[in-house]
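Grab a coffee and work through these exercises with the model open beside you. Try each task before you read its solution.

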Amino acid sequence: MQQNIAGLIAGIVFGIGLSISGMVNPAKVMGFLDFFGQWDPSLALVMGGAVGVYFIGYRLVMKRASPVLADTFQVPTRNDLDSRLIGGAVLFGMGWGLSGYCPGPAITGLAFGMEQTFVFFVAMAVGVVVFKMTMGVKPSGQVGTAA
Amino acid sequence: MDIVNFTPLSALIGGLLIGAAAVTLLWLNGRIAGISGIFGRVISTDQSDNAWRLLFLVGLVLGGFAWSLGGGDTSAITITAGTPELIIGGLLVGFGTQLGSGCTSGHGVCGIGRMSPRGLASTICYIMAGAIVVFAMRTMVGA
């Protein structure tokens, strides 16, 4: 129960952060990706601020033996670069550039009631389901999970 | 290159909040705040231990509501992509993030914050791919 409340609060703060930062504005995201034209560097500061806080916070939190509300930390351990990682990132980046949406802002953006956001959100969900139905089981037999 | 529409203060404040939210989820629940991973699990056949995930996603929407109720300028939000781009883009984002095990939050914020080689490699690839698509759409298609 407490973990659920923690999840809700983290989500709310994350959503406010995405909104304030301008990530929820697809035109602004595409402005960031337009390095060769009219470049808006704002999102580099969003990423820089978020990574900076996480860089410090991660080190402080991981000094603990366990999380406050759970038995163990569940953090990815892989360090290898494989074709799924790179291919997936390229496909994701292409979709990001086409639409101006990545998953977080597309979900937070549902709050603003714009029809185009719902169109993107539904297509994104279909993309997830298509992956799970076609490539959801890795060659090793391990079920695919995203970080 | 021209620099336009630069909003450093709101970008930095928003980024700090995003980082704080991700640290909170790690500190309390021991989990990575990877939105594509959380979303993928919520709409999968494996519904074990999913209540916190669903509530995290509900929180993302509530955060948007809170910002707009608190005076956030939703009228500035502009979606230039047409319906075909939104549909193709959504399919690519959904499929690609599952194939590549993460997105801007899991690989970008948490991955780079943990100094993960996979997070850094993914982030370089999706930013480059996005930049190439934006450049191509503007120059070749004229969009």
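Two residues are in contact if their C-beta atoms, placed from the backbone, lie within 7 Å. This is a predicted model, in which local features need pLDDT of at least 70 and side-chain atom pairs count only at pLDDT 80 or more, while totals for chains, interfaces and linings use all residues. Residues are numbered from 1 along each chain as its sequence is written, and chains are lettered from A and ligands numbered from 1 in the order in which they are written.

**Exercise 1. Work out how many residues each chain gives to the contact, and what kinds chain A brings.**

Step 1: Count both sides. Chain A puts in 111 residues and chain B 112 residues.

Step 2: Find the main contributor in chain A. That's α1(A), with 18 residues on the side that touches chain B. Helices (H or I, at least four residues) and strands (E, at least two) are DSSP runs, numbered from the N terminus.

Step 3: Sort chain A's side by type. You get 69 nonpolar, 36 polar and six charged residues. Here Ala, Val, Leu, Ile, Met, Phe, Trp, Tyr, Cys and Pro count as nonpolar, Asp, Glu, Lys and Arg as charged, and the others, Gly among them, as polar.

Step 4: Look for strand pairing. β1(A) runs parallel to β1 (residues 2–3) of chain B, over two bridges, and A:W39 sits opposite B:I3. Strands pair if DSSP finds at least two bridges between them.

Step 5: Check the scores. The model has ipTM 0.96 and pTM 0.94.

**Exercise 2. Find the largest nonpolar core and the residues with the most contacts inside it.**

Step 1: Set the rule. A nonpolar core is a set of buried Ala, Val, Leu, Ile, Met, Phe, Trp, Tyr and Cys residues joined through C-beta atoms within 7 Å. Buried means 20 or more other C-beta atoms within 10 Å of a residue's own, exposed means 12 or fewer, and partly exposed is in between, with C-beta atoms placed from the backbone.

Step 2: Apply it. The largest core has 85 residues, and A:Y54, B:A21 and B:A22 have the most contacts inside it.

Step 3: Trace the source. Helix α1 (residues 8–29) of chain B gives the most, with 11 residues.

Step 4: Zoom in on B:A22. Leaving out residues up to four places away in sequence, B:A22 touches A:Y54, B:A33, B:V109 and B:C110.

**Exercise 3. Decide whether helices α2 and α4 of chain B are mostly covered or open.**

Step 1: Take α4(B). Of its 17 residues 14 are buried, so α4(B) is largely enclosed by the rest of the structure.

Step 2: Take α2(B), residues 35–42. Seven of its eight residues are buried, among them B:I35, B:F39 and B:R41.

Step 3: Ask what does the covering. The cover of those buried residues includes α5 and α6 of chain A, together with α3 (51–69), α4 and α5 (104–113) of chain B.

**Exercise 4. Are B:N5 and B:M115 exposed or partly exposed, and where do they lie?**

Step 1: Recall the usual case. Most residues other than glycine have a negative phi.

Step 2: Check B:N5. Its phi is positive, about 55 degrees, and B:N5 belongs to the loop between β1 and α1 of chain B. B:N5 counts as partly exposed because it has 16 C-beta neighbours inside 10 Å.

Step 3: Check B:M115. Its phi is also positive, about 60 degrees, and B:M115 is in the loop between α5 and α6 (117–141) of chain B. With 11 other C-beta atoms within 10 Å, B:M115 is exposed.
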